[in-house]
Amino acid sequence: ERQTAETTTALIDKVKAAAKAWGSKEKGHMFRYVFRVTILLVRIWLKPKRLTILDTSIINGRVMLGDVDFNVHLNNGLIQTSMDFGRYDLLIRAGILQFVIKEKWRPIAGSTLIAFRKSLPLFAAYAIHSRIIGWDDKWVYFEQKIVYQGKIAVHAFIRALMRGPKGNIPPSEIALKLGVNPESPALPQMVTEWQKADALMLQKG
C-alpha cells in the first residue's frame, strides 16, 4: 500500500507539473482533468482490486452540470475523455503504473471507432466497461462501452500504444512485464477491416 501511495503521488505531481505549462484556458481544462485523475487514483488506492490486462474494468460516473452541451446531455468530447479514465483504471489495476513512473512510458491513442446510441442526460448515472481485445506488433486494441439504464449508450474501439524514451514499446513486451502471455488473443474481423480503412486514410492523407 505504501508503494502504491508513493507511485500515485508521483503521477499526480507529474500531471500537475504538465498543467503549469498551459495557458489560462488550458489550465482550467487541465485542472479538471487532474482532479478526475486524482479521484480515480484515490478510488484505486482505497479499493485495490487487481486485474489482468485481459479482464474487464468497470468504473461508475454521473453526468454533472459542467459535462453537458446545449442539448443538456453529456458532451461528445467528454464521453471520450471519460473513456480515458476507464482505460487508466484497467491498466493501473493491471500494474502498469510502475512502468509509467520508472521507465517513463506514455500512453498514446492512435484512432477510435465510436457509435453514439443513446443520450446521457444531466445527472444520469452510467458505467464504463473497458477491456483489451488483443494487440498486434504496434497497437493495443480496447473495447469500451458506456452502459446507461442497462443498455449500451456508447460503444467504442480504441487502438493505443505505449511510448518510452527510446520509442514505442511492443505490446508483447508489455504483456510479459504484466505477467500475461505475449501472444495476443485472436483479433475479431472488424479489427482487420479497421486496419485496412486506416491504411487507406493514411495513403490519401
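These are my notebook entries on helix H3, some salt bridges, two loop residues and a surface patch.

**Before I start.** I am looking at a predicted model, where local features need pLDDT of at least 70, side-chain atom pairs count only at pLDDT 80 or more, and totals for chains, interfaces and linings use all residues. Residues are numbered from 1 along each chain as its sequence is written, and side-chain values use heavy atoms, with hydrogens and water left out.

**Entry 1: helix H3.** I looked up H3 (76-93); helices here are DSSP runs of H or I with at least four residues, strands are E runs of at least two, and both are numbered from the N terminus. Its 18 residues should span 26 Å at 1.5 Å a residue, and the end C-alpha atoms are indeed 26 Å apart. That expected span is 1.5 Å times one less than the number of residues. I noted that 14 of the 18 residues are buried (under 20% relative accessible area; exposed is over 50%, partly exposed in between, with a 1.4 Å probe and protein chains only). At the N-terminal end, Asn 75 is the cap, with a side-chain oxygen 2.6 Å from the backbone nitrogen of Gly 77. After H3 comes Gly 95, with a positive phi near 105 degrees.

**Entry 2: salt bridges.** How many salt bridges does the structure hold? I find six, each being a side-chain nitrogen of Lys or Arg within 4 Å of a carboxyl oxygen of Asp or Glu. Arg 87 pairs with Asp 84 at 2.6 Å between the closest N and O atoms, and both sit in H3, three residues apart. Arg 87 counts as buried because its relative accessibility is 11%; Asp 84 is buried too, at 18%. Arg 93 and Asp 89 form another bridge at 3.0 Å, N to O, and they are four residues apart in H3, so about one helical turn separates them. A handy reminder for me: an α-helix has 3.6 residues a turn, so residues three or four places apart point the same way.

Glu 103 and Lys 177 also form a salt bridge, 3.7 Å from N to O. This pair links distant parts of the chain, 74 residues apart, with Lys 177 in helix H5.

**Entry 3: positive phi.** Val 72 is not a glycine, yet its phi is positive, about 55 degrees. I found Val 72 in the loop between strand S1 and helix H3. Gln 149 has a positive phi near 55 degrees as well, and lies in the loop between strands S4 and S5.

**Entry 4: a surface patch.** Phe 31, Phe 35 and Ile 39 make a nonpolar patch with about 330 Å² of accessible area together (Shrake-Rupley method, 1.4 Å probe, only the protein chains shown counting as cover for residues). Patch residues have over 30% relative accessible area and no salt bridge; nonpolar side chains (Val, Leu, Ile, Met, Phe, Trp, Tyr) are joined within 5 Å, like charges within 9 Å.

How values were computed:
A polar contact is a pair of N or O atoms within 3.5 Å; within protein, one must be able to donate a hydrogen and the other to accept it, and residues adjacent in sequence count only if both atoms are side-chain atoms.
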